[in-house]
Amino acid sequence: TTLVVFGDHGMTDDGNHGGSSFEEMRTVLFAYQKTPFPMADMYSQYERYFSKIDKTIKQVDLTAILSTLMGTAFPYSNLGVLHPAFVQGENVLAAHTAMLKNLEQIENYLKHYCQETAQDWCEHEMETFHSSLTAFKQYRAHKAGNKALIDQIVEMNVFANEKYKHF
């Protein structure tokens, strides 16, 4: 059993809330399990490397996080980005694999979205996303050490968060 508590939106210093500013989109996330999360030891060991992504969890990321905690596939239209601390595996390779699946799901959604809407930006966006995802997939994860895998997990997380923070 996992307890997850989160807010639905943040608020600016002058009281505005529910909008698209950084302060309004940022909210608190608290998760607790009686037994430690499977990645807890790994996360603690490499916490300083994850600091860059610890501050980027957005409300839309809750879908990816909750799907991971429940052991279900990422929903079709999800643009949320998984945080590796919630992966239900005990090694860095499991987190790397989960992050790739998250990016593949986002690419699949974008592909279908672009086919349906024919937005002007779609062709270029699909090319750049696919190129980045291909590069991430070509990484020899099974031969990499934990630090190298964590570096790529952080790179993938930053890539997805920067790309779709205002989609």
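Here are some worked exercises on the predicted model shown above.

**Exercise 1: Two helices side by side**

Work out how helix 3 and helix 7 are oriented to each other, and find which residues meet there.

*Solution.*
Step 1. Let's start with the idea: two packed helices are described by the angle between their axes and the distance between the axes.
Step 2. For helix 3 (47-54) and helix 7 (residues 146-163), the angle is about 5° and the axes are 9 Å apart.
Step 3. Angles under 35 degrees count as roughly parallel, so helix 3 is roughly parallel to helix 7.
Step 4. Now look at who meets whom. Helix 3 brings Tyr49, Phe50, Lys52 and Ile53, while helix 7 brings Lys147, Ile150, Val154, Asn157 and Val158.

**Exercise 2: A closer look at Asn157**

Decide whether Asn157 is buried or exposed, and list what it touches.

*Solution.*
Step 1. Find Asn157 in the model: it sits in helix 7.
Step 2. Its relative accessibility is 3%, and buried means under 20%, so Asn157 counts as buried.
Step 3. Leave out residues up to four places away in sequence, and Asn157 touches Ile53, Thr56, Val81, Leu82, His83, Pro84 and Met99. You've already met Ile53, one of the helix 3 residues that meet helix 7.

**Exercise 3: Hunting for salt bridges**

How many salt bridges does a search of the whole structure find, and where do the partners of each one sit?

*Solution.*
Step 1. Here's the principle: side chains of opposite charge can pair when their charged atoms come close.
Step 2. The search of the whole structure turns up three salt bridges. Let's take them in turn.
Step 3. Lys58 pairs with Asp61 at 3.3 Å, N to O. Both of these residues are buried.
Step 4. Glu104 pairs with Lys137 at 3.2 Å, N to O. This pair links distant parts of the chain, with Glu104 in helix 5, Lys137 in helix 6, and their positions 33 residues apart. Glu104 is partly exposed at 32% relative accessibility, and Lys137 is partly exposed too, at 42%.
Step 5. Asp151 pairs with Lys147 at 2.4 Å, N to O. Both lie in helix 7, four residues apart, which is about one turn of the helix. The helix geometry helps here: an α-helix has 3.6 residues a turn, so residues three or four places apart point the same way.
Step 6. Check the exposure of this last pair. Asp151 is partly exposed at 37% relative accessibility, and Lys147 is partly exposed at 31%.

**Exercise 4: The two sides of helix 4**

Which residues of helix 4 are buried, and what do they pack against? Then compare with Thr63.

*Solution.*
Step 1. Go through helix 4 (62-70) and pick out the buried residues: Leu62, Ala64, Ile65, Ser67, Thr68 and Leu69.
Step 2. These buried residues pack against strand 1, strand 2 and helix 5.
Step 3. Thr63 is in helix 4 as well, but at 33% relative accessibility it counts as partly exposed.
Step 4. Not counting residues up to four places away in sequence, Thr63 touches Pro75 and Asn78.
Step 5. Finally, see what comes after the helix: Gly71 follows helix 4 and has a positive phi, near 75°.

**Exercise 5: A nonpolar patch on the surface**

Which residues form the nonpolar patch, and which elements give two or more residues to it?

*Solution.*
Step 1. The patch is formed by Leu3, Val5, Phe30 and Tyr32, with about 380 Å² of accessible area together.
Step 2. Strand 1 (2-6) and strand 2 (29-33) are the elements that give two or more residues to the patch.
Step 3. Take Val5 as a sample: it lies in strand 1, and at 41% relative accessibility it counts as partly exposed.

**Exercise 6: Residues in loops**

Place Ala118 and Lys55 in the structure, and say what stands out about the backbone of Ala118.

*Solution.*
Step 1. Ala118 is in the loop between helix 5 (92-117) and helix 6 (122-138).
Step 2. Its phi is positive, about 50°, although Ala118 is not a glycine.
Step 3. Ala118 counts as exposed, at 60% relative accessibility.
Step 4. Lys55 sits in the loop between helix 3 and helix 4, and is exposed at 61% relative accessibility.
Step 5. Lys55 and Arg26 are 29 residues apart in sequence, and their C-alpha atoms are 9.2 Å apart in space.

Note on methods: Residues numbered from 1 in each chain as written. Predicted model: local features only at pLDDT ≥ 70, side-chain atom pairs only at ≥ 80, totals over all residues. Heavy atoms only, no water. Buried < 20%, exposed > 50% of the residue type's maximum accessible area, 1.4 Å probe, protein only. Patch = residues over 30% accessible without salt bridge, like charges linked within 9 Å, V, L, I, M, F, W, Y side chains within 5 Å. Areas by Shrake-Rupley, 256 points an atom, 1.4 Å probe, with all protein chains shown as cover. Salt bridge = Lys/Arg side-chain N within 4 Å of Asp/Glu carboxyl O. Axes fitted to C-alpha atoms, helices over the stretch in contact; angles between N-to-C directions. Parallel < 35°, antiparallel > 145°, perpendicular 65-115°, else oblique. Contact = heavy atoms within 4.5 Å.
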